[in-house]
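Please open the model in your viewer and keep the sequence beside it. The stops below say what to select next and what is there.

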Amino acid sequence: MLYLSKHRQQRTIGFHQLIRRLGEAAKMPFPIHPHMLRHACGFKLANDGHDTRALQHYLGHKNIQYTVRYTEMAPHRFKDFWRD
């Protein structure tokens with residue numbers, strides 16, 4: 001359970017520390033930070049075939065180019081895009 005203090009900065013720092021400690025406990029070969037959760041979510045949704053515009057809205061991207069990065073890493077999404 002997360003301890004949520006009354007001060008946003010303390011919550012933010014505590015969350016960063018929690019994520020870092022969880023990464024260390026999982027023996028990740030690189031430092032883990034909270035923004036990686038956002039990226040993981042974006043890649044997962046793209047890999048599951050969700051619409052790019054819906055993904056853009058969900059992630060809050062104003063520019064579709066930021067969202068396209070997630071789909072570029074999932075080329076299998078387009079395997080059956082053109083059927084003869």
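What percentage of the 84 residues in the chain do buried residues make up? They make up 20%, where buried means under 20% relative accessible area, exposed means over 50% and partly exposed lies in between, with a 1.4 Å probe and protein chains only.

Before going further, note that this is a predicted model, in which local features need pLDDT of at least 70 and side-chain atom pairs count only at pLDDT 80 or more, while totals for chains, interfaces and linings use all residues. Residues are numbered from 1 along each chain as its sequence is written, and side-chain values use heavy atoms, with hydrogens and water left out.

**The whole chain**

Show the chain as a cartoon, and you will find four helices and zero strands, where helices (H or I, at least four residues) and strands (E, at least two) are DSSP runs numbered from the N terminus.

**The loop between α1 and α2**

Select K27, which sits in the loop between α1 (8–25) and α2. Although K27 is not a glycine, its phi is positive, about 60 degrees. Most residues other than glycine have a negative phi. K27 counts as exposed, at 70% relative accessibility.

**Helix α3**

Next, select residues 52–59, which form helix α3, and begin at its N-terminal end, where D51 acts as a cap, with a side-chain oxygen 3.1 Å from the backbone nitrogen of R53. Colour L55, Q56 and L59, the buried residues of α3. Seen down the axis of α3, these buried residues fall within an arc of 105 degrees (taken from the directions from the helix axis to the C-beta atoms), so they line one face of the helix. They pack against α2 (35–47) and α4, contact meaning heavy atoms within 4.5 Å. The face turned away from the buried side of α3 carries the exposed residues R53, H57 and Y58.

**From α3 to α4**

After α3 comes G60, with a positive phi near 80 degrees. Select H61, in the loop between α3 and α4; is this residue buried or exposed? H61 is buried, with a relative accessible area of 15%. Leaving aside residues up to four places away in sequence, H61 touches R38, Q56, Y66, T67 and Y70. With the side chain of T67, the side chain of H61 makes a polar contact of 2.7 Å, that is, a pair of N or O atoms within 3.5 Å, of which, within protein, one must be able to donate a hydrogen and the other to accept it, and residues adjacent in sequence count only if both atoms are side-chain atoms.

**Where α3 meets α4**

Finally, add residues 64–72, helix α4, which packs with α3 at an angle of about 115 degrees, the axes lying 9 Å apart; axes are lines fitted to C-alpha atoms, for helices over the stretch in contact, and angles run from 0 to 180 degrees between N-to-C directions. Display T52, R53, L55, Q56 and L59 in α3 together with I64, T67, Y70 and T71 in α4, since these are the residues that meet.
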